[in-house]
Amino acid sequence: MLCRASQIRRCATGLSHSLSQVTTSRQKHSLPDLTYDYGALEPHICAEIMQLHHSKHHATYVNNLNVAEEKYQEALAKGDVTAQVALQPALRFNGGGHINHTIFWTNLSPNGGGEPQGELMEAIKRDFGSYQKMKDKMSAATIAVQGSGWGWLGFDKESGRLRIAACPNQDPLQGTTGLIPLLGIDVWEHAYYLQYKNVRPDYVKAIWNVINWENVSDRLHTAKK
């Protein structure tokens, strides 16, 4: 039981670190504005999907995260460890949903697509052999996610190399694997079903046309500091 409690505390610490990158502590989390219109990513991602995904799904994660954090603070103040443990799933799910989507929106751009340049491209060639090999490997890992989840290109700070990973549900990459997220592809059905139905591979193929490589490059530069 003590071992299990220790594992829960470590998970909570990792998630809290990730959440601190979205907003400072003791502040209510809020839905970030998009820098482009809901229809700006068409024809690759339709406006209806973007509107529902951002204003409904992401907003729900934000609202539920704020509620869970309030309850957690109350439990901390009371010294109620049982309640703290019971709130971990809600914090992980909604906190991860907020973290993941906040990254996702910036990873996309109506002026995206093509191939990365500079330092990012050199890192991709070094760690995967070529851009196409990285793209194929990440696409395959993302498509293969069972149920709902995310495919990620992340930075391993310890080795200084890029890695591809997949996370189930809304598990945040850094909080659960230690990898710093650079590029995420959401494969929850709400991200594509209205347009692509159950053909996830077509959605994953299309999303590369709107990847904001400048944002991914900036994230790599920051991660290496």
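User: At which residues does UniProt place the feature "binding site"?
Analyst: This is a predicted model, in which local features need pLDDT of at least 70, side-chain atom pairs count only at pLDDT 80 or more, and totals for chains, interfaces and linings use all residues. Residues are numbered from 1 along each chain as its sequence is written, and side-chain values use heavy atoms, with hydrogens and water left out. UniProt positions follow the numbering used here, feature names are shortened, and annotations may be inferred rather than shown by experiment. The unreviewed UniProt entry places this feature at H53, H101, D186 and H190.

User: Why can these four residues, H53, H101, D186 and H190, be said to gather at one spot?
Analyst: In sequence they span 138 residues. They nevertheless gather at one spot, because no two of their C-alpha atoms are more than 12.4 Å apart.

User: Is H53 buried or exposed?
Analyst: H53 belongs to helix α2 (residues 47-78); helices (H or I, at least four residues) and strands (E, at least two) are DSSP runs, numbered from the N terminus. Buried means under 20% relative accessible area, exposed over 50%, and partly exposed in between (1.4 Å probe, protein chains only). At 1% relative accessibility, H53 is therefore buried.

User: Which residues is H190 in contact with, leaving aside its neighbours within four places in sequence?
Analyst: H190 lies in the loop between β3 (180-186) and α8 (193-196), and its relative accessible area of 18% makes H190 buried. Contact means heavy atoms within 4.5 Å. With those neighbours set aside, the contacts of H190 are I49, H53, H57, Y61 and H101.

User: How is helix α5 oriented relative to α10?
Analyst: The axes, lines fitted to C-alpha atoms over the stretch in contact, give angles from 0 to 180 degrees between N-to-C directions. Those of α5 (residues 118-128) and α10 (residues 213-223) come within 8 Å and cross at roughly 80°. Angles under 35 degrees count as roughly parallel, over 145 as roughly antiparallel, 65 to 115 as roughly perpendicular and the rest as oblique. Hence α5 is roughly perpendicular to α10.

User: How is α4 oriented relative to α10?
Analyst: The axes of α4 (residues 88-107) and α10 come within 8 Å and cross at roughly 125°. I103, T106 and N107 of α4 meet N215, V216 and R219 of α10. From the crossing angle, α4 is oblique to α10.

User: How many disulfides are there?
Analyst: A disulfide is taken as a pair of cysteine sulfur atoms within 2.5 Å. C46 is buried at 17% relative accessibility, and C167 is buried at 3%. By the sulfur rule, the number of disulfides is zero.
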